[in-house]
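I opened a new notebook page for this one. Here is what I looked up, step by step.

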Amino acid sequence: MNQSNTPSHASIFTAIVRRDVSLAWSQGGGSLLALGFFLIAVSLFPFGVGPAPQVLARIAPGVIWVVALLAAVISLDRLYQADFEDGSLDDLMVSPLGTLGIVTAKVLAHWLSTTLPLALLAPALAVLVNLPDGAYGTLFISLIIGTPALSLIGSVGAALTVAVRRGGVLMLLLILPLYVPTLIFGVGAVDAVISLTDPMPHLALLGATTLVATVVGLLASAAALKLAME
């Protein structure tokens, strides 16, 4: 066999990321749905709690983070499900990239196509909930640091339920409690700026949570996929 014609690990990885990002933004993908939910849900809060600026400013960090978390979850059930249903997941898992490489590529694609756009859109939507001007930068930084954990932890739930019919509810029950540390530290960093204290301890803990989620999430997802495909 001519080794020059054999795709490299990097080319396979890049191809999977590009394909999944493209599918996420095509018809039937979850990215537009997630962004639409994020926009509508945040827009509804001023109507639900009233237009009082002080009230909105107080709940703004929690509103943005909770809605972003829920929006990220919307597309998770299709992370592995579509490939599992059409049989392409079997081919991917026996590729030279291996199960861990496939999981890493898919999680990266989900973050690029879904959770990263949520972080980019969040400062604009924060205007609707009267977030104080000085907190916009910290909100964006906290989401950039914390949103990878949403994709990583969500990947575990998606892998565990990939072979379960209509496993979306089960997936939510599995992963939502695991999102609590990310939510606490993300909201805490923004609240610290609003209360004129140092947000760095919260951001450091948020970064540590994402690092732990990177190691545990990728390994657990790979193990869950192998178990599901047996």
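Before checking a helix length, I noted that the expected span of a helix is 1.5 Å times one less than its number of residues. I also wrote down that I am working with a predicted model.

**Entry 1: the length of H10**

I asked whether the ends of H10 sit where they should, given 1.5 Å a residue. The 30 residues of H10 should span 44 Å, and the end C-alpha atoms are 42 Å apart, so the two values agree.

**Entry 2: what H10 hides**

Next I looked for the buried residues of H10. I found Leu 203, Leu 206 and Gly 207 among them, and further along Ala 213, Gly 217 and Leu 218. I reminded myself that an α-helix has 3.6 residues a turn, so residues three or four places apart point the same way. Then I looked for what lies over these buried residues, and the cover includes helices H3, H5, H6, H7 and H9.

**Entry 3: H6 against H10**

I picked one of those neighbours, H6 (residues 98-126), and found its axis 9 Å from that of H10 (residues 200-229), at an angle of about 115°. The crossing of H6 past H10 is right-handed. On the H6 side, I listed Thr 99, Leu 100, Val 103, Thr 104 and Val 107 as the residues in contact. H10 answers with Leu 218, Leu 219, Ser 221, Ala 222, Leu 225 and Lys 226. Sorting this contact by class gave me seven nonpolar, three polar and one charged residues.

**Entry 4: the nonpolar cores**

Which residues touch the most other members of the largest nonpolar core? I found Phe 38, Tyr 80 and Leu 139, in a core of 52 residues. H3 gives the largest share of this core, ten residues. Another core, of eight residues, lies apart from it, and includes Ile 16, Leu 97, Ile 102 and Ala 109. I went back to Phe 38 and, leaving out residues up to four places away in sequence, saw that its contacts include Ile 64, Val 67, Leu 118 and Leu 121.

**Entry 5: two positive phi values**

Most residues other than glycine have a negative phi. I therefore kept a note of two loop residues that have a positive one.

- Asn 130, in the loop between H6 and H7, has a phi near 60°. Its relative accessible area is 33%, so I call Asn 130 partly exposed.
- Leu 196, in the loop between H9 and H10, has a phi near 65°. Its relative accessible area is 78%, and with exposed meaning over 50%, Leu 196 is exposed.

Technical notes: Residues numbered from 1 in each chain as written. Predicted model: local features only at pLDDT ≥ 70, side-chain atom pairs only at ≥ 80, totals over all residues. Heavy atoms only, no water. Axes fitted to C-alpha atoms, helices over the stretch in contact; angles between N-to-C directions. Helix = DSSP H or I, 4+ residues; strand = E, 2+ residues; numbered from the N terminus. Left-handed = near helix turned anticlockwise from the far one by under 90°. Contact = heavy atoms within 4.5 Å. Nonpolar A, V, L, I, M, F, W, Y, C, P; charged D, E, K, R; others polar. Buried < 20%, exposed > 50% of the residue type's maximum accessible area, 1.4 Å probe, protein only. Core = buried A, V, L, I, M, F, W, Y, C linked by side-chain atoms within 4.5 Å.
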